[in-house]
Amino acid sequence: MRTRTTAEAELQSAIAYYLDEGALEAALGLVDEFEAALEAIGNHPAIGSPRLEVELGIPGVRVFALRTSPYVIVSFDIAEFVDVRHVLHSRRDIPDRMTDGRTLPPLYTHRPDTDSLCSRVRTSAGAGRGSVRPWCWQRYVAVRQAGAVNDLADALMRGPRGRRLCLEYVSRADDAVRTAVFWLGREFDPPGTLLSFVGDDSDPEPDPTFSGDDVAALIDAVDLTEVRGDVVREALQASVDFARYWQEPDGADAGAALPPVRHALRRVAQRLVSAIPDLTAPRGQAQWAVEWHPLADSAPLTTEPAAVLAEWTRAQRAEEERSAIERPRDPHANWSGTWWSVPQTLLETRSRVADALELVEDSLGWEIATIIPVRGAGRTLEIQTPEDWAELCRTYPMEVTASRRHDWFRVTGRDGRWLIPDWERVAGPWDAVHLTTLGYLSAATRLIEIDSEYGSVIGGWAPDSTIWLTDVAREGEPPRQEWTRPHDDWRWRATDLPTTRGR
């Protein structure tokens, strides 16, 4: 297949028009559909309408309409190759733009190793200026990058933990936002969690009040030109710390979900997605487990996961049966129990030591830990979106309505039936299941709809965390190491101690 410079220029002009109009999604859609059309034409050169061939008497000309974009590709099916001649708006006078072949613009030939549009874009972007003919590649790369950022930002804003991350960051970046978020949060904090200030009440001043619109206006005014990585890290840790599955969302989570605040936070999300390393990365080869004990007291890694899963299944079914008998069906009842969604006794690992120590739900404030290197292989299921979790629950359902009803009603407000994956059955086709960082931020502490009857919650997991379902993980190198942190300081440090294997 060969593409004329006329077609390149026409596509460039169409993309530029969309960008100038601020229609990013339309520009992305046009390029995606153009690429798909080239592939279809390359596989089936005679595809497309022959109407121009009939009306103009030009042999081999075909018109291929893009699926949703209002553009058509005009090509010629000749003996040696498919000649892509024009990319025209469907309302243009197409016959007037045609040539009978006597005077043709120069060809731009697709090299075999850069046949697809996206690979040529990547080649051009990686090689820089002066590489493969650029025409609109730089503009195209900018469009694709902006589109990817928007997609990630949208995913981040879907979940309470993602919104809380953005709110924590901007609160740390601006004192006025921090103050406004505090007072707005007080309006939404669950009963019994409000702070009271004691002092001279002879002439008390009313507490400041901030609406969602007030907070949104303050967020809009924050300069986000420079994003500080250390502040992003603190905000991420705070978001995980405030993941609560046994009570209503706190005031900050509730405030971040208000429409005006959520709208303002999207700009923050667009900046943060580029500052979080490996936001969508799959499970890495190097993994780390943590034991919340000194090195000398650390135990060997969990072995025989099949037996662990069998016991978990037995215990879970027994709890569900017992809860159905003992607990009231009213979700408002003052009951609490098991709220997590994954077996807590399986081997769990992270890709980074810092994440294993710092990003922990329902932390008990540990100040000493042992880090254990783990190496594992096998079939890993990636949970990247709420939909991935819903599909896992649909495929391997285990009902937990009676045991989770009260806790998950508080965190989601939903009164209905609940499912989690039957992990013993999941272990049939999969050796491990990995929750990406974005998967956690977009899905944890929220209702995940399974179908019209069932819902689910991801609870008791963590960002970039892997649970091992089969016996494919082993302790690796370097040796175990003890880590400590000072009281009231979240930063952990390796202890200079002789290393040893677990007991």
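Which element gives the largest share of the lining of the largest pocket? Let's find out by walking through this predicted model, starting at that pocket.

The largest pocket has a volume of about 750 Å³. Its lining is made up of 31 residues, and the ones nearest the pocket centre are V290, W292, Q344, L346 and E348. Two elements each contribute two or more residues to this lining: β6, covering 286–291, and β7, covering 348–350. The answer to the opening question is β6, which supplies four residues, the largest share. If you are thinking about the chemistry of the lining, sorting it by class gives 20 nonpolar residues, six polar ones and five charged ones.

Now let's turn to the start of the chain and helix α1. This helix runs over residues 5–20, 16 residues in total. From its first C-alpha to its last, α1 reaches 22 Å, close to the 22 Å expected at 1.5 Å a residue. Which residues of α1 are buried? They are T5, A7, E8, E10, L11, A14, I15, A16 and Y18, so the list includes the glutamates E8 and E10. After α1 comes G22, whose phi is positive, near 75 degrees.

Finally, a word on the cysteines. With a disulfide taken as a pair of cysteine sulfur atoms within 2.5 Å, the count comes to zero. Are C166 and C393 buried or exposed? Buried means under 20% relative accessible area. C166 has 0% relative accessibility and therefore counts as buried; C393, also at 0%, counts as buried because of that value.

Note on methods. Residues numbered from 1 in each chain as written. Predicted model: local features only at pLDDT ≥ 70, side-chain atom pairs only at ≥ 80, totals over all residues. Heavy atoms only, no water. 1 Å grid on protein atoms, 1.4 Å probe; cavity = no way out; pocket = protein on both sides within 12 Å on 5 of 7 lines; lining within 4 Å. Points joined across faces, edges and corners; volume = space filled by probe spheres on them. Nonpolar A, V, L, I, M, F, W, Y, C, P; charged D, E, K, R; others polar. Expected span 1.5 Å × (residues − 1). Buried < 20%, exposed > 50% of the residue type's maximum accessible area, 1.4 Å probe, protein only.
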